[in-house]
Amino acid sequence: MKTLPPVALGTWSWGIGFAGGDTVFGNHLSEAQMAEVFTTAMSKGLNLWDTAAVYGMGSSERALGALVRQFPREELILSTKFTPQIADERSPQPVSDMLEASLGRLGVEEIDLYWIHNPLDVEKWTPELIPLLESGKVKRVGVSNHNLAQIKRANDILNASGYAISAVQNHYSLLYRASEEAGILDYCRENDITFFAYMILEQGALSGRYDSNNPMPAGSGRAESYNTVLPQLEKLTAAMKSMGAERNASAAQIAIAWAIAKGTLPLVGATKVQHVLDAADAAEIQLSNEEIILLERLAAETGVDTRGAWEKPML
Ligand SMILES: NC(=O)c1ccc[n+]([C@@H]2O[C@H](COP(=O)([O-])OP(=O)(O)OC[C@H]3O[C@@H](n4cnc5c(N)ncnc54)[C@H](OP(=O)(O)O)[C@@H]3O)[C@@H](O)[C@H]2O)c1
């Protein structure tokens with residue numbers, strides 16, 4: 001695989017419509033905003049873009065594709081997903097069909113990293129990745145939201161044809177460490193699998209921007225998930241802010257630095273130019289063991305469980 005940057009960027013919040021940026025995040029990003037975020041990230045070497053066919057039912061991929069078309073393909077690392085729940089089961093090849101539609105929206109011939117979005121049916125969907133790898137339209141594959149047994153099983157299925165899982169993409173943040181507790185981080189390290197940590201900022205709840213006086217946008221999915229628990233997070237976000245202030249950095253950068261210190265590749269949802277500048281610089285921040293222990297203790301003391309509605313328990 002091409003050399004990965006220290007932070008990957010996600011575009012779930014970019015599209016609109018079903019499971020899109022407006023419904024989930026309360027966002028309505030203009031084309032100009034997305035273009036500014038994209039070009040700034042590229043200028044900082046943040047060239048790994050994650051999306052999914054299901055995000056806004058193609059709308060995130062279309063928005064990303066408009067920008068992808070403006071850059072040489074070899075400068076980009078593109079990551080998108082097959083979501084079993086929206087597969088066209090009447091087709092003889094639903095995975096290939098979804099991939100082709102993604103390629104069309106992104107305006108590319110191949111995907112660097114293609115994921116099975118969730119473990120709805122590991123036995124059924126994992127083998128469908130093999131012809132895509134053989135065709136060269138997919139360079140590497142990964143699994144997302146899978147528990148350890150499902151990851152191992154998917155890897156066994158691929159190994160039998162001479163392939164392997166290159167990456168795992170799971171929810172992992174100070175508030176949600178199930179993949180660490182379940183041994184998935186260790187398994188990935190031992191098997192040369194990159195662990196993509198998604199929602200390290202808990203959709204903004206750990207960014208330091210939101211609190212009970214300044215809640216998340218009313219009517220959005222994230223407001224529903226997080227606004228009621230924001231008061232419980234304030235001690236943790238205050239500590240993140242103060243650790244950041246000592247380094248002229250933000251609370252969000254402390255969350256990113258923590259995820260890197262844990263051996264993961266943080267996958268950050270960026271909606272503003274400052275977010276990509278923060279992400280690029282966060283890789284330079286070194287947290288001490290004492291700071292990591294303090295952050296994890298404060299996170300545990302919040303008593304908040306942020307497992308997403310789409311996630312199954314990892315243990
Ligand atoms: N595989 C899966 O099932 C799955 C599930 C979830 C996410 N993902 C992937 O992971 C990516 C990231 O997840 P996410 O976007 O849901 O959540 P996230 O990265 O935890 O949070 C993103 C939000 O945090 C805020 N933010 C980002 N950088 C910031 C900074 N430097 N300073 C202050 N605030 C900052 C922004 O909020 P504001 O816009 O309010 O400023 C942004 O919308 C997604 O885009 C997607 O690619 C995958």
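**Contacts, core and ligand shell**

Guide: In this predicted model, 78% of the protein chain's contacts with a separation of 6 or more join residues 24 or more positions apart.

Visitor: What makes the protein chain as compact as a globular protein of its length?

Guide: The chain comes to 14 helices and 8 strands. Its radius of gyration is 19 Å, and the globule rule gives 20 Å for 315 residues; the two are close, so the chain is as compact as a globular protein of that length. The C-alpha trace spans about 55 × 40 × 35 Å along the principal axes.

Visitor: How many of the 315 residues are buried?

Guide: Buried residues make up 48% of the protein chain. The cut-off is 20 or more other C-beta atoms within 10 Å of a residue's own.

Visitor: Why does Ala279 count as touching Val7?

Guide: Two residues are in contact if their C-beta atoms lie within 7 Å. Val7 is listed for Ala279 on that basis, along with Leu9, Leu46, Ile256, Val268 and Ala270, leaving out residues up to four places away in sequence. In the largest nonpolar core, of 93 residues, Ala279 is one of those that touch the most other members, and Leu9 and Ile256 are also among them. Helix α12 (residues 251–261) gives this core its largest share, 9 residues.

Visitor: Which residues come nearest to the ligand?

Guide: Gly10, Trp12, Leu201, Ser207 and Gly269 do, out of 29 around the ligand. The shell holds 10 nonpolar, 15 polar and 4 charged residues; Gly counts as polar. Strand β8 provides the largest share, 3 residues, and α13 (273–282) supplies at least two.

Note on methods
Residues are numbered from 1 along each chain as its sequence is written. This is a predicted model: local features need pLDDT of at least 70, side-chain atom pairs count only at pLDDT 80 or more; totals for chains, interfaces and linings use all residues. Helices (H or I, at least four residues) and strands (E, at least two) are DSSP runs, numbered from the N terminus. The radius of gyration is taken over C-alpha atoms; the globule rule is 2.2 Å times the number of residues to the power 0.38. A residue is buried if 20 or more other C-beta atoms lie within 10 Å of its own, exposed if 12 or fewer, and partly exposed in between; C-beta atoms are placed from the backbone. A residue is near a molecule or strand if its C-beta atom, placed from the backbone, lies within 6 Å of it. A nonpolar core is a set of buried Ala, Val, Leu, Ile, Met, Phe, Trp, Tyr and Cys residues joined through C-beta atoms within 7 Å.
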